[in-house]
Amino acid sequence: MIEKRTPIPVPTAQERIMTLARAGEVEKVPITEADDRVLAEAIYADHDIPPFDKSPLDGFAVQSADTENASAETPVYLEVTETVGAGGVAAPVTAPGQAVRVMTGTMMPEGCDAICMFELTKEVTRNNKTMIEITRPFKKGDFVSFKGEETKKGDPLVEAGSDITPGVKALLATFGYPEVPVYRKPVVGIFATGTELLEVDEAMEPGKIRNSNAYMVASQLKKAGAEPRYYGKLADDFDACYDAVAGAISEVDALITTGGVSVGDFDYLPAIYEKLGASVLFNKIAMRPGSVTTAAELDGMPLFGLSGNPSACFVGFELYTRPWIRTLLGAKNPYLIQTKALLGQDFPKANPFTRLIRSETRFDDTGRLTTRPAGFDKSSAVTSLAHTNALTILPGGTRGYKAGDEVDVLLLNEPGSVPLRLPEKNRT
Ligand SMILES: Nc1nc2c(c(=O)[nH]1)N[C@H]1C(S)=C(S)[C@@H](COP(=O)(O)OP(=O)(O)OC[C@H]3O[C@@H](n4cnc5c(N)ncnc54)[C@H](O)[C@@H]3O)O[C@H]1N2
Ligand code: MOO
Ligand SMILES: [Mg+2]
(Lines give C-alpha, C1' and ligand atoms only; values in the text may rest on other atoms or scores of the structure.)
(Ligands and ions follow the chains in the order given, each with its own letter.)
Protein backbone atom coordinates (compact mmCIF):
# COMPACT_ATOMS: atom_id res chain seq x y z
CA MET A 1 0.00 0.00 0.00
CA ILE A 2 1.42 3.37 -0.99
CA GLU A 3 1.68 5.86 1.82
CA LYS A 4 -0.86 8.68 1.55
CA ARG A 5 0.72 12.12 1.84
CA THR A 6 -1.24 15.27 2.61
CA PRO A 7 -0.05 18.33 0.67
CA ILE A 8 0.52 21.53 2.61
CA PRO A 9 0.66 25.05 1.15
CA VAL A 10 4.05 26.53 0.20
CA PRO A 11 3.97 29.22 2.95
CA THR A 12 3.29 26.55 5.60
CA ALA A 13 6.26 24.50 4.39
CA GLN A 14 8.44 27.63 4.49
CA GLU A 15 7.27 28.38 8.06
CA ARG A 16 8.20 24.87 9.17
CA ILE A 17 11.71 25.14 7.76
CA MET A 18 12.18 28.58 9.22
CA THR A 19 11.58 27.26 12.75
CA LEU A 20 15.09 25.77 12.36
CA ALA A 21 16.70 29.00 11.15
CA ARG A 22 18.59 31.46 13.32
CA ALA A 23 21.63 33.65 12.71
CA GLY A 24 24.87 31.67 12.96
CA GLU A 25 28.20 32.36 14.64
CA VAL A 26 30.18 35.48 13.86
CA GLU A 27 33.66 35.35 12.34
CA LYS A 28 36.03 37.98 10.99
CA VAL A 29 37.22 37.92 7.40
CA PRO A 30 39.69 40.21 5.61
CA ILE A 31 37.93 43.09 3.87
CA THR A 32 39.07 41.71 0.50
CA GLU A 33 37.16 38.47 1.20
CA ALA A 34 33.97 40.10 2.47
CA ASP A 35 32.11 40.48 -0.83
CA ASP A 36 28.50 39.28 -0.78
CA ARG A 37 28.71 38.35 2.89
CA VAL A 38 26.31 39.80 5.46
CA LEU A 39 27.51 42.26 8.10
CA ALA A 40 27.21 40.80 11.58
CA GLU A 41 27.71 44.13 13.36
CA ALA A 42 26.69 47.69 12.51
CA ILE A 43 29.32 49.97 10.98
CA TYR A 44 29.99 53.17 12.95
CA ALA A 45 31.98 56.20 11.84
CA ASP A 46 35.31 56.24 13.71
CA HIS A 47 35.90 59.82 12.57
CA ASP A 48 34.09 62.74 10.95
CA ILE A 49 33.66 62.86 7.19
CA PRO A 50 35.25 65.00 5.94
CA PRO A 51 37.83 64.65 8.71
CA PHE A 52 38.91 68.30 8.20
CA ASP A 53 37.63 71.40 6.41
CA LYS A 54 38.72 70.98 2.80
CA SER A 55 38.58 72.39 -0.68
CA PRO A 56 36.10 70.64 -3.00
CA LEU A 57 37.63 72.44 -5.99
CA ASP A 58 40.92 73.12 -7.71
CA GLY A 59 41.43 76.80 -6.91
CA PHE A 60 42.67 79.19 -4.27
CA ALA A 61 42.06 79.27 -0.56
CA VAL A 62 41.45 82.89 0.35
CA GLN A 63 40.59 85.04 3.35
CA SER A 64 37.05 86.28 2.72
CA ALA A 65 37.74 89.58 4.45
CA ASP A 66 40.24 90.43 1.67
CA THR A 67 37.55 90.09 -1.00
CA GLU A 68 34.80 92.15 0.66
CA ASN A 69 34.99 95.00 -1.86
CA ALA A 70 36.10 93.05 -4.91
CA SER A 71 34.21 93.66 -8.18
CA ALA A 72 34.96 93.65 -11.92
CA GLU A 73 35.63 97.37 -11.71
CA THR A 74 37.69 97.21 -8.54
CA PRO A 75 39.47 93.82 -8.54
CA VAL A 76 41.44 92.68 -5.54
CA TYR A 77 44.90 91.18 -5.98
CA LEU A 78 46.12 88.44 -3.65
CA GLU A 79 49.61 87.05 -3.35
CA VAL A 80 49.91 83.29 -3.85
CA THR A 81 52.20 82.02 -1.12
CA GLU A 82 52.42 78.34 -2.05
CA THR A 83 50.83 75.46 -3.97
CA VAL A 84 49.47 72.51 -1.97
CA GLY A 85 47.91 69.31 -3.32
CA ALA A 86 45.55 66.90 -1.56
CA GLY A 87 47.39 65.23 1.29
CA GLY A 88 49.59 68.26 1.95
CA VAL A 89 49.23 70.74 4.79
CA ALA A 90 49.76 74.42 3.96
CA ALA A 91 51.65 76.77 6.23
CA PRO A 92 49.24 79.00 8.18
CA VAL A 93 48.27 82.18 6.34
CA THR A 94 48.79 85.04 8.72
CA ALA A 95 49.04 88.20 6.64
CA PRO A 96 46.13 89.85 4.84
CA GLY A 97 46.23 89.76 1.05
CA GLN A 98 47.57 86.22 0.77
CA ALA A 99 46.09 83.12 -0.84
CA VAL A 100 47.16 79.48 -1.29
CA ARG A 101 46.84 77.53 -4.52
CA VAL A 102 45.06 74.30 -3.49
CA MET A 103 43.77 71.24 -5.29
CA THR A 104 40.52 69.34 -4.72
CA GLY A 105 40.67 67.50 -1.40
CA THR A 106 43.35 69.71 0.17
CA MET A 107 42.90 70.60 3.83
CA MET A 108 41.94 74.25 4.23
CA PRO A 109 45.05 76.28 5.09
CA GLU A 110 44.79 77.76 8.55
CA GLY A 111 43.74 81.41 8.23
CA CYS A 112 41.78 80.89 4.98
CA ASP A 113 38.00 80.57 5.03
CA ALA A 114 36.76 80.46 1.39
CA ILE A 115 37.65 78.83 -1.92
CA CYS A 116 37.79 80.58 -5.27
CA MET A 117 37.82 78.07 -8.15
CA PHE A 118 40.38 78.50 -10.95
CA GLU A 119 37.66 79.44 -13.44
CA LEU A 120 36.65 82.53 -11.40
CA THR A 121 40.07 84.11 -11.28
CA LYS A 122 43.13 84.73 -13.31
CA GLU A 123 46.78 84.72 -12.38
CA VAL A 124 48.78 87.84 -13.01
CA THR A 125 52.34 88.82 -12.27
CA ARG A 126 52.74 92.02 -10.30
CA ASN A 127 56.01 93.27 -8.88
CA ASN A 128 57.55 89.91 -9.84
CA LYS A 129 55.05 88.10 -7.67
CA THR A 130 52.40 85.62 -8.69
CA MET A 131 49.07 87.18 -7.82
CA ILE A 132 45.46 86.31 -8.48
CA GLU A 133 42.82 88.76 -9.50
CA ILE A 134 39.51 88.44 -7.65
CA THR A 135 36.52 90.24 -9.14
CA ARG A 136 33.76 89.22 -6.71
CA PRO A 137 33.41 89.04 -2.94
CA PHE A 138 33.51 85.68 -1.11
CA LYS A 139 31.76 85.08 2.19
CA LYS A 140 33.28 83.09 5.03
CA GLY A 141 32.72 79.44 4.22
CA ASP A 142 32.07 79.90 0.50
CA PHE A 143 32.78 76.66 -1.40
CA VAL A 144 34.39 74.99 1.62
CA SER A 145 33.54 71.37 2.49
CA PHE A 146 33.25 71.38 6.25
CA LYS A 147 34.56 68.83 8.72
CA GLY A 148 31.74 66.45 9.63
CA GLU A 149 29.28 67.86 7.05
CA GLU A 150 28.62 64.35 5.70
CA THR A 151 28.81 62.29 8.86
CA LYS A 152 29.97 62.68 12.46
CA LYS A 153 32.19 60.43 14.52
CA GLY A 154 30.02 57.81 16.24
CA ASP A 155 27.17 57.93 13.68
CA PRO A 156 25.72 54.48 12.88
CA LEU A 157 26.00 54.07 9.10
CA VAL A 158 25.06 50.52 8.06
CA GLU A 159 22.94 48.12 10.09
CA ALA A 160 23.95 44.60 10.99
CA GLY A 161 22.28 42.21 8.55
CA SER A 162 23.08 44.32 5.49
CA ASP A 163 24.65 42.77 2.42
CA ILE A 164 28.26 43.78 1.88
CA THR A 165 27.91 45.60 -1.42
CA PRO A 166 30.64 47.64 -3.11
CA GLY A 167 29.19 50.72 -1.37
CA VAL A 168 29.39 49.03 2.05
CA LYS A 169 32.98 48.04 1.21
CA ALA A 170 33.76 51.71 0.65
CA LEU A 171 32.56 52.47 4.18
CA LEU A 172 34.46 49.55 5.69
CA ALA A 173 37.62 50.91 4.12
CA THR A 174 36.84 54.51 5.07
CA PHE A 175 36.33 53.63 8.71
CA GLY A 176 39.27 51.30 9.12
CA TYR A 177 37.85 47.78 9.09
CA PRO A 178 40.66 45.59 7.69
CA GLU A 179 38.71 42.66 9.22
CA VAL A 180 34.97 42.53 8.82
CA PRO A 181 32.55 40.78 11.20
CA VAL A 182 30.30 38.46 9.19
CA TYR A 183 28.23 35.37 9.90
CA ARG A 184 30.00 32.10 9.28
CA LYS A 185 28.97 30.38 6.05
CA PRO A 186 26.95 27.26 6.82
CA VAL A 187 28.52 24.10 5.43
CA VAL A 188 25.92 22.14 3.51
CA GLY A 189 26.54 18.57 2.42
CA ILE A 190 25.23 17.25 -0.88
CA PHE A 191 24.48 13.66 -1.93
CA ALA A 192 22.93 12.90 -5.30
CA THR A 193 21.07 9.59 -5.13
CA GLY A 194 20.26 7.38 -8.11
CA THR A 195 21.73 4.23 -9.64
CA GLU A 196 21.17 5.88 -13.02
CA LEU A 197 23.63 8.68 -12.35
CA LEU A 198 26.88 9.17 -14.27
CA GLU A 199 29.42 11.78 -13.28
CA VAL A 200 30.15 14.74 -15.52
CA ASP A 201 33.25 13.12 -17.00
CA GLU A 202 31.64 9.75 -17.76
CA ALA A 203 30.44 8.67 -21.21
CA MET A 204 26.70 8.12 -21.73
CA GLU A 205 25.41 4.54 -21.28
CA PRO A 206 22.00 2.93 -21.87
CA GLY A 207 19.56 3.73 -19.05
CA LYS A 208 21.86 6.24 -17.42
CA ILE A 209 21.92 10.04 -17.24
CA ARG A 210 24.51 12.49 -16.03
CA ASN A 211 24.16 13.88 -12.54
CA SER A 212 23.25 17.53 -12.99
CA ASN A 213 21.60 18.13 -9.61
CA ALA A 214 24.74 17.95 -7.49
CA TYR A 215 26.50 20.62 -9.56
CA MET A 216 23.40 22.80 -9.81
CA VAL A 217 22.73 22.60 -6.07
CA ALA A 218 26.38 23.33 -5.23
CA SER A 219 26.07 26.49 -7.35
CA GLN A 220 22.80 27.44 -5.71
CA LEU A 221 24.46 27.01 -2.32
CA LYS A 222 27.39 29.21 -3.29
CA LYS A 223 25.08 31.84 -4.72
CA ALA A 224 23.03 31.82 -1.51
CA GLY A 225 26.23 32.31 0.51
CA ALA A 226 26.76 28.78 1.89
CA GLU A 227 29.73 26.46 1.54
CA PRO A 228 28.83 23.31 -0.42
CA ARG A 229 30.49 20.01 0.41
CA TYR A 230 29.79 17.47 -2.31
CA TYR A 231 30.01 13.94 -0.96
CA GLY A 232 29.37 12.24 -4.30
CA LYS A 233 26.59 10.19 -5.81
CA LEU A 234 24.97 7.18 -4.23
CA ALA A 235 23.40 4.16 -5.89
CA ASP A 236 19.85 3.36 -4.77
CA ASP A 237 20.88 0.96 -2.03
CA PHE A 238 19.32 1.51 1.39
CA ASP A 239 22.29 0.47 3.55
CA ALA A 240 24.86 2.36 1.49
CA CYS A 241 22.68 5.48 1.45
CA TYR A 242 21.94 5.25 5.17
CA ASP A 243 25.62 4.83 6.10
CA ALA A 244 26.70 7.69 3.86
CA VAL A 245 24.02 10.07 5.16
CA ALA A 246 24.56 9.09 8.80
CA GLY A 247 28.32 9.55 8.39
CA ALA A 248 28.07 13.02 6.87
CA ILE A 249 25.67 14.51 9.39
CA SER A 250 28.26 15.33 12.03
CA GLU A 251 30.36 17.24 9.48
CA VAL A 252 27.80 19.73 8.19
CA ASP A 253 25.25 22.34 9.24
CA ALA A 254 22.62 20.89 6.91
CA LEU A 255 22.42 18.06 4.43
CA ILE A 256 20.84 18.06 0.99
CA THR A 257 20.01 14.87 -0.83
CA THR A 258 18.55 14.86 -4.31
CA GLY A 259 16.20 12.12 -5.47
CA GLY A 260 14.63 9.22 -3.68
CA VAL A 261 11.84 11.09 -1.92
CA SER A 262 8.81 9.93 -3.87
CA VAL A 263 7.00 6.59 -3.56
CA GLY A 264 9.14 4.44 -5.86
CA ASP A 265 10.57 1.09 -4.79
CA PHE A 266 14.06 2.63 -4.57
CA ASP A 267 13.06 5.97 -3.02
CA TYR A 268 14.82 5.38 0.30
CA LEU A 269 14.96 8.82 1.87
CA PRO A 270 11.73 8.47 3.91
CA ALA A 271 13.06 5.23 5.44
CA ILE A 272 16.47 6.80 6.03
CA TYR A 273 14.91 9.68 7.96
CA GLU A 274 12.97 7.17 10.03
CA LYS A 275 16.03 5.09 10.86
CA LEU A 276 17.99 8.24 11.76
CA GLY A 277 15.21 9.24 14.16
CA ALA A 278 14.68 12.51 12.26
CA SER A 279 11.22 14.09 12.35
CA VAL A 280 9.70 14.84 8.98
CA LEU A 281 8.57 18.48 8.68
CA PHE A 282 6.77 17.89 5.39
CA ASN A 283 6.81 15.43 2.52
CA LYS A 284 4.15 16.82 0.20
CA ILE A 285 3.62 20.43 -0.82
CA ALA A 286 0.83 21.84 -2.93
CA MET A 287 3.27 23.06 -5.54
CA ARG A 288 4.54 21.96 -8.91
CA PRO A 289 7.29 21.19 -9.57
CA GLY A 290 8.62 19.85 -6.31
CA SER A 291 5.45 18.44 -4.74
CA VAL A 292 7.46 15.64 -3.13
CA THR A 293 10.10 17.98 -1.67
CA THR A 294 10.75 16.66 1.80
CA ALA A 295 12.40 18.15 4.85
CA ALA A 296 13.25 16.56 8.16
CA GLU A 297 14.86 17.72 11.37
CA LEU A 298 17.55 15.94 13.34
CA ASP A 299 18.59 17.69 16.57
CA GLY A 300 17.81 21.08 15.05
CA MET A 301 19.64 20.32 11.79
CA PRO A 302 17.61 20.45 8.59
CA LEU A 303 17.81 17.55 6.17
CA PHE A 304 16.56 18.70 2.78
CA GLY A 305 15.24 15.87 0.65
CA LEU A 306 15.04 17.63 -2.69
CA SER A 307 13.36 15.89 -5.56
CA GLY A 308 15.45 14.10 -8.18
CA ASN A 309 13.74 15.83 -11.08
CA PRO A 310 16.04 18.76 -11.91
CA SER A 311 13.38 21.48 -12.09
CA ALA A 312 11.74 20.24 -8.90
CA CYS A 313 15.14 20.10 -7.21
CA PHE A 314 15.95 23.65 -8.30
CA VAL A 315 12.64 25.09 -7.08
CA GLY A 316 12.73 23.16 -3.80
CA PHE A 317 16.14 24.65 -3.04
CA GLU A 318 15.08 28.23 -3.81
CA LEU A 319 11.90 28.05 -1.74
CA TYR A 320 13.10 26.13 1.32
CA THR A 321 16.89 25.78 1.53
CA ARG A 322 17.78 29.29 0.47
CA PRO A 323 15.79 31.21 3.15
CA TRP A 324 17.20 28.89 5.82
CA ILE A 325 20.75 29.70 4.62
CA ARG A 326 20.10 33.42 4.31
CA THR A 327 18.80 33.49 7.89
CA LEU A 328 21.94 31.74 9.19
CA LEU A 329 23.94 34.36 7.32
CA GLY A 330 22.08 37.08 9.22
CA ALA A 331 20.32 38.53 6.17
CA LYS A 332 17.58 40.98 7.09
CA ASN A 333 15.37 39.60 4.35
CA PRO A 334 16.08 35.94 3.63
CA TYR A 335 13.34 35.47 1.04
CA LEU A 336 13.43 35.94 -2.71
CA ILE A 337 12.00 39.23 -3.95
CA GLN A 338 8.33 38.81 -4.88
CA THR A 339 6.99 41.33 -7.35
CA LYS A 340 4.37 41.70 -10.11
CA ALA A 341 4.83 40.98 -13.80
CA LEU A 342 2.67 40.67 -16.90
CA LEU A 343 2.23 37.13 -18.10
CA GLY A 344 3.54 36.72 -21.64
CA GLN A 345 1.66 33.52 -22.50
CA ASP A 346 -1.67 31.71 -21.86
CA PHE A 347 -1.82 28.90 -19.28
CA PRO A 348 -5.30 27.61 -20.10
CA LYS A 349 -5.27 24.48 -17.93
CA ALA A 350 -6.28 24.81 -14.28
CA ASN A 351 -4.03 23.08 -11.76
CA PRO A 352 -4.96 22.21 -8.18
CA PHE A 353 -1.37 22.90 -7.06
CA THR A 354 0.43 26.24 -7.21
CA ARG A 355 2.77 26.25 -10.17
CA LEU A 356 6.21 27.86 -10.11
CA ILE A 357 7.02 28.31 -13.75
CA ARG A 358 10.74 28.60 -14.48
CA SER A 359 10.65 31.90 -16.27
CA GLU A 360 12.53 34.54 -18.12
CA THR A 361 11.51 37.99 -16.95
CA ARG A 362 12.35 41.18 -18.82
CA PHE A 363 11.60 44.84 -18.49
CA ASP A 364 9.97 45.90 -21.73
CA ASP A 365 10.74 49.30 -23.22
CA THR A 366 7.94 50.93 -21.24
CA GLY A 367 9.61 49.70 -18.05
CA ARG A 368 7.05 46.99 -17.20
CA LEU A 369 8.20 43.57 -16.11
CA THR A 370 7.03 40.74 -18.34
CA THR A 371 7.40 37.03 -17.67
CA ARG A 372 7.50 34.02 -19.99
CA PRO A 373 8.33 30.34 -19.47
CA ALA A 374 12.06 29.81 -19.88
CA GLY A 375 11.54 26.64 -21.93
CA PHE A 376 10.30 23.05 -21.56
CA ASP A 377 8.07 23.20 -18.51
CA LYS A 378 7.95 19.71 -16.96
CA SER A 379 9.31 18.88 -13.52
CA SER A 380 11.99 16.81 -15.23
CA ALA A 381 13.21 19.74 -17.35
CA VAL A 382 16.84 20.71 -17.14
CA THR A 383 17.31 22.86 -20.25
CA SER A 384 14.91 25.64 -19.21
CA LEU A 385 16.86 26.17 -15.98
CA ALA A 386 19.70 27.77 -17.89
CA HIS A 387 17.37 30.57 -19.01
CA THR A 388 15.50 30.96 -15.73
CA ASN A 389 15.85 34.26 -13.90
CA ALA A 390 12.54 34.11 -12.04
CA LEU A 391 9.78 31.80 -10.90
CA THR A 392 6.31 32.82 -11.98
CA ILE A 393 3.74 31.96 -9.32
CA LEU A 394 0.44 30.68 -10.71
CA PRO A 395 -1.68 29.89 -7.63
CA GLY A 396 -3.54 26.58 -7.78
CA GLY A 397 -7.28 26.63 -8.32
CA THR A 398 -9.98 26.08 -10.83
CA ARG A 399 -8.99 28.51 -13.54
CA GLY A 400 -6.16 28.99 -15.97
CA TYR A 401 -4.29 32.19 -16.75
CA LYS A 402 -4.19 34.44 -19.81
CA ALA A 403 -1.40 36.38 -21.48
CA GLY A 404 -1.54 39.92 -20.06
CA ASP A 405 -2.71 38.79 -16.59
CA GLU A 406 -0.78 40.42 -13.77
CA VAL A 407 0.95 37.67 -11.80
CA ASP A 408 3.52 37.40 -9.01
CA VAL A 409 7.12 36.46 -9.74
CA LEU A 410 10.03 35.55 -7.50
CA LEU A 411 13.23 37.10 -8.81
CA LEU A 412 16.34 34.91 -8.90
CA ASN A 413 18.65 36.98 -11.10
CA GLU A 414 18.42 40.44 -12.57
CA PRO A 415 15.67 40.61 -15.19
CA GLY A 416 16.72 41.52 -18.71
CA SER A 417 16.54 45.22 -19.39
CA VAL A 418 17.06 47.95 -21.95
CA PRO A 419 19.54 50.88 -22.02
CA LEU A 420 18.90 53.79 -19.65
CA ARG A 421 15.63 55.51 -20.53
CA LEU A 422 15.21 59.30 -20.42
CA PRO A 423 12.15 61.27 -21.48
CA GLU A 424 12.65 62.78 -24.96
CA LYS A 425 12.67 66.33 -23.55
CA ASN A 426 15.61 65.53 -21.21
CA ARG A 427 17.85 64.02 -23.87
CA THR A 428 20.19 66.93 -24.23
N1 LIG B 1 3.53 7.04 -8.33
C2 LIG B 1 4.08 8.25 -8.23
N3 LIG B 1 5.19 8.51 -8.90
C4 LIG B 1 5.77 9.72 -8.78
C5 LIG B 1 5.19 10.70 -7.97
C6 LIG B 1 4.03 10.41 -7.27
O7 LIG B 1 3.48 11.23 -6.53
N8 LIG B 1 3.52 9.14 -7.42
N9 LIG B 1 5.80 11.94 -7.91
C10 LIG B 1 6.48 12.33 -9.10
C11 LIG B 1 7.11 13.60 -8.88
S12 LIG B 1 6.06 14.89 -8.73
C13 LIG B 1 8.45 13.74 -8.87
S14 LIG B 1 9.14 15.30 -8.79
C15 LIG B 1 9.36 12.60 -8.89
C16 LIG B 1 10.31 12.71 -7.71
O17 LIG B 1 11.17 11.66 -7.70
P18 LIG B 1 12.26 11.46 -6.59
O19 LIG B 1 12.49 12.73 -5.84
O20 LIG B 1 11.94 10.27 -5.82
O21 LIG B 1 13.58 11.28 -7.43
P22 LIG B 1 14.09 10.00 -8.23
O23 LIG B 1 13.03 9.00 -8.31
O24 LIG B 1 15.36 9.59 -7.63
O25 LIG B 1 14.38 10.64 -9.63
C26 LIG B 1 13.37 11.29 -10.36
C27 LIG B 1 13.90 11.70 -11.74
O28 LIG B 1 14.97 12.59 -11.60
C29 LIG B 1 16.15 12.10 -12.22
N30 LIG B 1 17.31 12.46 -11.39
C31 LIG B 1 17.54 12.00 -10.16
N32 LIG B 1 18.70 12.49 -9.67
C33 LIG B 1 19.20 13.26 -10.63
C34 LIG B 1 20.40 14.02 -10.73
N35 LIG B 1 21.27 14.07 -9.71
N36 LIG B 1 20.63 14.71 -11.86
C37 LIG B 1 19.74 14.67 -12.88
N38 LIG B 1 18.58 13.98 -12.84
C39 LIG B 1 18.32 13.25 -11.74
C40 LIG B 1 15.95 10.62 -12.24
O41 LIG B 1 16.73 9.98 -13.21
C42 LIG B 1 14.46 10.49 -12.50
O43 LIG B 1 14.18 10.65 -13.85
O44 LIG B 1 8.67 11.38 -8.77
C45 LIG B 1 7.49 11.30 -9.58
N46 LIG B 1 6.95 10.00 -9.45
O1 MOO C 1 7.65 16.90 -7.12
MO2 MOO C 1 7.10 16.76 -8.78
O3 MOO C 1 8.14 17.98 -9.42
O4 MOO C 1 5.74 17.94 -8.33
O5 MOO C 1 6.72 17.16 -10.50
MG1 LIG D 1 11.65 8.45 -7.20
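Two strands pair if DSSP finds at least two bridges between them. I also note that helices (H or I, at least four residues) and strands (E, at least two) are DSSP runs, numbered from the N terminus.

**Entry 1: conventions.** I am reading a predicted model, in which local features need pLDDT of at least 70 and side-chain atom pairs count only at pLDDT 80 or more, while totals for chains, interfaces and linings use all residues. Residues are numbered from 1 along each chain as its sequence is written, and chains are lettered from A and ligands numbered from 1 in the order in which they are written.

**Entry 2: the sheet with β4 and β8.** I began with strand β4 (residues 76-84), which pairs with strand β8 (residues 129-134) in the antiparallel sense over 4 bridges. Within this pair I found E79 opposite M131 of β8. I then followed β8 to β7, and these two strands are also antiparallel, joined by 6 bridges, with K122 having E133 in β8 as its bridge partner. β7 and β8 form a hairpin with 2 residues between them, and N127 in the turn has a positive phi of about 50°.

I wrote down the order of the open sheet of 6 strands as β6-β3-β5-β4-β8-β7, with mixed pairing. Its edge strands, each pairing on one side only, are β6 (114-117) and β7 (121-126). Neighbouring strands here are turned by 40° against each other on average, direction ignored; axes are lines fitted to C-alpha atoms, for helices over the stretch in contact, and angles run from 0 to 180 degrees between N-to-C directions.

**Entry 3: the domains.** Which stretches does the domain assignment give? I copied domain 1 (10-25 + 185-328), domain 2 (27-49 + 150-183), domain 3 (59-134) and domain 4 (337-411), bearing in mind that such bounds come from an automatic or database domain assignment. Taken over C-alpha atoms, the centres of domain 2 and domain 3 are separated by 38 Å.

**Entry 4: the sheet with β11 and β15.** I looked up another open sheet of 6 strands, whose order is β14-β11-β15-β19-β18-β16 and whose pairing is mixed. At its edges I found β14 (227-234) and β16 (279-282), each of which pairs on one side only. The average turn between neighbouring strands of this sheet is 20°, direction ignored. Inside it, β11 and strand β15 (residues 254-258) run parallel and are joined by 5 bridges, and G189 stands opposite L255 in β15.

**Entry 5: helices on this sheet.** I saw that α1 lies across β16, β18 and β19 (301-306), running at about 140° to β16. Helix α5 (residues 269-276) lies across β15, β16, β18 and β19, and runs at about 10° to β18.

I then turned to helix α1 (residues 10-18) and α6, whose axes come within 9 Å and cross at roughly 35°. Their contact (C-beta atoms, placed from the backbone, within 7 Å) is made by V10, A13, Q14, I17 and M18 of α1 and by L319, Y320, P323, W324 and T327 of α6. By class I recorded 8 nonpolar, 2 polar and no charged residues in this contact, where Ala, Val, Leu, Ile, Met, Phe, Trp, Tyr, Cys and Pro count as nonpolar, Asp, Glu, Lys and Arg as charged, and the others, Gly among them, as polar.

**Entry 6: the ligands.** Which of the 28 residues around ligand 1 come nearest? I noted N213, G259, S262, S307 and G308, a residue being near a molecule if its C-beta atom, placed from the backbone, lies within 6 Å of it. β11 (187-193), α3 (213-224) and α6 (310-328) each supply at least two residues of this shell, which has 10 nonpolar, 16 polar and 2 charged residues.

Around ligand 2 I listed R288, P289, G290, S291, V292, S307, N309, A312 and S379, a shell that divides into 3 nonpolar, 5 polar and 1 charged.

**Entry 7: backbone details.** I found a cis peptide bond from R288 to P289, with omega near 0°, and P289 sits in the loop between β17 (287-288) and β18 (294-298). The peptide bond from I49 to P50 is cis as well, with omega near -10°, and P50 is in the loop between β2 (43-44) and β3 (59-62). Lastly I noted F143, which has a positive phi of about 60° although it is not a glycine, and which lies in the loop between β8 and β9 (156-158).

Conventions. Contact = placed C-beta atoms within 7 Å.
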